[in-house]
Amino acid sequence: IDITAYFPMPQSFSKTKRKQALIGVLKPTKKPDCDNILKAVMDALNGVAWGDDSQVVKTTIFKEYAEHPYVYIYIHDDAE
């Protein structure tokens, strides 16, 4: 499972900082932590995408900025 959590930019960001955030130069370093995001997503998908999250053997997680917050989740089967 690959997860990218997109967070809104702080209102205090200048135009320069906003641009840097949108192209990935600046990353969100505030809470929630990546492990907390992962736990929430894994628990939410129990019984939906898999029987139990113990079936997941590999994860990647990123935090980015975006104009509008959202979470992108990609589930793939490396066994194929």
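User: I'm new to this structure, so let me start with a single residue. What does a relative accessibility of 46% say about Glu 67?

Analyst: This is a predicted model, so everything here is read from computed atoms. The general idea is that under 20% counts as buried, over 50% as exposed, and anything in between as partly exposed. Glu 67, at 46%, therefore counts as partly exposed.

User: Where along the chain does Glu 67 sit?

Analyst: Look for the loop between strand S2 (60-66) and strand S3 (70-74); that's the place of Glu 67.

User: And which residues does Glu 67 touch, if I skip its neighbours within four places in sequence?

Analyst: Skipping those, you'll find Met 9, Arg 18 and Leu 22 in contact with Glu 67. Take Arg 18 as an example: it is 49 residues from Glu 67 along the chain, yet the two C-alpha atoms are separated by 9.1 Å.

User: How do I read the pairing of Glu 67 with Arg 18?

Analyst: For a salt bridge, you check whether a side-chain nitrogen of Lys or Arg comes within 4 Å of a carboxyl oxygen of Asp or Glu. Here the closest N and O atoms are 3.4 Å apart, so Glu 67 and Arg 18 form a salt bridge. Glu 67 belongs to the loop between S2 and S3 while Arg 18 belongs to helix H1, so their pairing ties together parts that are 49 residues apart in sequence. The two side chains also share a polar contact of 3.4 Å. As for cover, Arg 18 has a relative accessibility of 27%, so this residue counts as partly exposed too.

User: How many salt bridges are there by this rule?

Analyst: The count comes to three. Another one joins Glu 64 and Lys 27, where the closest N and O atoms are 2.7 Å apart. Since Glu 64 is in strand S2 and Lys 27 is in the loop between H1 and H2, this pair ties together parts that are 37 residues apart in sequence.

User: Buried or exposed: how does Glu 64 come out?

Analyst: Buried, with a relative accessible area of 16%. Its partner Lys 27 has 39% relative accessibility and counts as partly exposed. If you leave out residues up to four places away in sequence, Glu 64 touches Thr 4, Ala 5, Tyr 6, Phe 7, Gly 24, Lys 27 and Pro 28.

User: Thr 4 is on that list. What does Thr 4 look like from its own side?

Analyst: Thr 4 is found in strand S1. Thr 4 is buried, its relative accessible area being 13%. With the same sequence neighbours set aside, Thr 4 touches Phe 62, Glu 64, Tyr 70, Val 71 and Tyr 72.

User: Which salt bridge sits in helix H2?

Analyst: Try Asp 43 and Lys 39: both lie in H2, four residues apart, which is about one turn of the helix. Their closest N and O atoms are 3.2 Å apart, and they form a salt bridge. Asp 43 is partly exposed, at 37% relative accessibility.

User: Now the nonpolar side. Which residues touch the most other members of the largest nonpolar core?

Analyst: To read a core, look for buried nonpolar residues whose side chains are joined. The largest one has 14 residues, and Ile 1, Ile 37, Val 41, Trp 50 and Tyr 65 touch the most other members. Strand S1 (2-8) and H2 are the elements that give two or more residues to this core, and H2 gives the most, with four residues. Val 41 touches Ile 1, Ile 3, Val 71 and Ile 73, not counting residues up to four places away in sequence.

User: What nonpolar patch is on the surface?

Analyst: Leu 22, Ile 23 and Val 25 form one, with about 300 Å² of accessible area together. Val 25 sits in the loop between helix H1 (15-22) and helix H2 (34-45). At 55% relative accessible area, Val 25 is exposed.

User: Where is there a cis peptide bond?

Analyst: For that, read the omega angle: it is about 10° at the cis bond joining Lys 31 and Pro 32. Pro 32 lies in the loop between H1 and H2.

How values were computed. Residues numbered from 1 in each chain as written. Predicted model: local features only at pLDDT ≥ 70, side-chain atom pairs only at ≥ 80, totals over all residues. Heavy atoms only, no water. Patch = residues over 30% accessible without salt bridge, like charges linked within 9 Å, V, L, I, M, F, W, Y side chains within 5 Å. Areas by Shrake-Rupley, 256 points an atom, 1.4 Å probe, with all protein chains shown as cover. Buried < 20%, exposed > 50% of the residue type's maximum accessible area, 1.4 Å probe, protein only. Core = buried A, V, L, I, M, F, W, Y, C linked by side-chain atoms within 4.5 Å. Contact = heavy atoms within 4.5 Å. Polar contact = N/O pair within 3.5 Å; in protein donor to acceptor, adjacent residues only side chain to side chain.
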